[in-house]
Protein chains: 2
Amino acid sequence: MIMTITMPSIRITTQKIKILEYLWSVNHHPTADEIYSEVKKDLPAISLATVYRNLHSLAEEGDIQKIEVNKEFRFDGDISPHQHCVCKKCGNISEIFSKDIARHSMQNAETEDFEPHSVKTIFHGICRECK
Amino acid sequence: MIMTITMPSIRITTQKIKILEYLWSVNHHPTADEIYSEVKKDLPAISLATVYRNLHSLAEEGDIQKIEVNKEFRFDGDISPHQHCVCKKCGNISEIFSKDIARHSMQNAETEDFEPHSVKTIFHGICRECK
DNA sequence: CTTTGTGCAAACGGTTTGCAACCTA
DNA sequence: TAGGTTGCAAACCGTTTGCACAAAG
């Protein structure tokens with residue numbers, strides 16, 4: 001008896017490529033809806049559901065980062081470890097690229113009760129423009 | 001001409017008190033819905049909307065903490081600075097009380113582009129029971 | 001040719017809101 | 001008694017899902 005193990009292969013589609021390219025081209029943290037309307041300019045037939053499905057799988061694969069702010073997901077094409085700064089006034093999200101913060105937090109989080117795999121550090125405050 | 005400045009006064013209601021007491025009595029991080037059904041045992045007529053409104057104002061006043069995990073808010077009666085650990089498997093939330101993590105993060109976050117007021121540090125990993 | 005991904009539209013689920021009645025201060 | 005608060009039900013809105021068709025490998 002021959003047993004074949006088939007692994008669920010992931011396909012590369014035009015939609016997924018366009019979404020990724022858009023996220024790479026941009027220097028802020030768009031919502032799914034914003035990604036949808038931008039990619040729609042190139043791919044008029046694309047649906048919101050497809051955008052969501054791709055964003056989900058891309059995040060699962062670790063190709064993009066998913067940030068949750070105010071009941072809404074935002075997406076980041078930059079997967080290097082960094083922290084986010086949310087402005088209380090305008091809602092804008094900027095970044096801090098500190099290896100120290102992540103490392104220090106992780107080191108101090110290790111206990112016998114919990115095994116940390118990753119940290120998310122989000123600062124709330126006021127951005128330069130709103131100050 | 002006499003000008004009177006009326007400040008919007010906040011009232012203390014039975015509902016608000018019960019919600020606060022429940023949050024203080026509990027050592028986990030309930031959802032609005034869980035708070036609702038618990039408080040409902042004492043106050044059968046209370047509505048979910050009231051729970052949400054009170055949780056919102058309590059969080060605004062700084063009397064409780066609001067944590068956002070998986071598109072859902074969770075509430076914490078403990079307002080001392082601490083970090084949260086979310087288990088990837090069971091979804092349970094535990095805590096770490098490290099003054100160091102918050103302090104170190106804040107110190108490293110200060111730039112000319114952003115003025116941090118608070119940090120939220122969330123670890124994702126595996127809890128003791130799921131290990 | 002098989003199997004994963006897509007578009008559409010309807011469903012979902014946590015949260016918010018409008019409004020009249022109610023209750024604090 | 002004034003105006004903040006409540007209960008109810010309906011609206012909201014970002015996200016997910018079922019299904020038949022399209023397209024990638």
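Let's start at B:Ser47, where a backbone N or O atom lies 3.1 Å from a phosphate oxygen of DNA strand D. That is a polar contact, meaning a pair of N or O atoms within 3.5 Å; within protein, one atom must be able to donate a hydrogen and the other to accept it, and residues adjacent in sequence count only if both atoms are side-chain atoms. Before I go on, please keep in mind that this is a predicted model, where local features need pLDDT of at least 70, side-chain atom pairs count only at pLDDT 80 or more, and totals for chains, interfaces and linings use all residues. Residues are numbered from 1 along each chain as its sequence is written, chains are lettered from A and ligands numbered from 1 in the order in which they are written, and side-chain values use heavy atoms, with hydrogens and water left out.

Back to DNA strand D. B:Thr50 also reaches the backbone of the DNA: an N or O atom in the B:Thr50 side chain is 2.6 Å from a phosphate oxygen of strand D. B:Gln15 puts a polar side-chain atom 3.1 Å from a sugar or linking oxygen of that strand.

How many residues are around DNA strand D? There are 22, and A:Tyr52, A:Phe73, B:Arg11, B:Thr50 and B:Arg53 come nearest; a residue is near a strand if one of its heavy atoms lies within 4 Å of it. Looking from the DNA side, sugar and phosphate account for 65% of the strand D atoms that come within 4 Å of the protein. Helix α3 (48-61) of chain A and helix α3 (48-61) of chain B each supply at least two residues of this surface. By helix I mean a DSSP run of H or I with at least four residues, and by strand a run of E with at least two, numbered from the N terminus. The surface near strand D divides into ten nonpolar, six polar and six charged residues. Here Ala, Val, Leu, Ile, Met, Phe, Trp, Tyr, Cys and Pro count as nonpolar, Asp, Glu, Lys and Arg as charged, and the others, Gly among them, as polar.

Now over to DNA strand C. Strand C is surrounded by 22 residues, the closest being A:Arg11, A:Thr50, A:Arg53, B:Arg11 and B:Tyr52. Sugar or phosphate makes up 68% of the strand C atoms within 4 Å of the protein, and bases make up the rest. For a base contact, look at B:Arg53: an N or O atom in its side chain is 3.3 Å from a base oxygen of strand C. On the phosphates, a backbone N or O atom of A:Ser47 lies 3.2 Å from one oxygen of strand C, and a polar backbone atom of B:Phe73 is 2.8 Å from a phosphate oxygen.

Next, the two protein chains. The contact, meaning heavy atoms within 4.5 Å, takes 38 residues from chain A and 38 from chain B. Together the chains bury about 3300 Å², 55% of it on carbon and sulfur atoms; buried area is the accessible area (1.4 Å probe) that two parts lose on being put together, summed over both.

What kinds of pairs cross this interface? There are 17 residue pairs in polar contact, both residues at pLDDT 80 or more. On the chain A side, the largest share, 14 residues, comes from β5(A). By class, that side has 16 nonpolar, eleven polar and eleven charged residues. The rule also finds two salt bridges across the interface, a salt bridge being a side-chain nitrogen of Lys or Arg within 4 Å of a carboxyl oxygen of Asp or Glu. A:Asp113 forms one with B:Arg128, with the closest N and O atoms 2.7 Å apart.

The strands meet here too. β5(A) is joined by 13 bridges to β5 (residues 114-127) of chain B, and the two run antiparallel; strands pair if DSSP finds at least two bridges between them. Along that pairing, A:Val119 stands opposite B:Phe123, and A:Ile126 stands opposite B:Glu115.

Last stop, within single chains. In chain A, β1(A) and β2(A) form a hairpin with four residues between them, and A:Asn70 in the turn has a positive phi of about 55°. In chain B, the side chains of B:Lys18 and B:Asp42 meet in a salt bridge at 3.1 Å, N to O. That pair links helix α1 (residues 14-25) to helix α2 (residues 32-42), with the two positions 24 residues apart in numbering.
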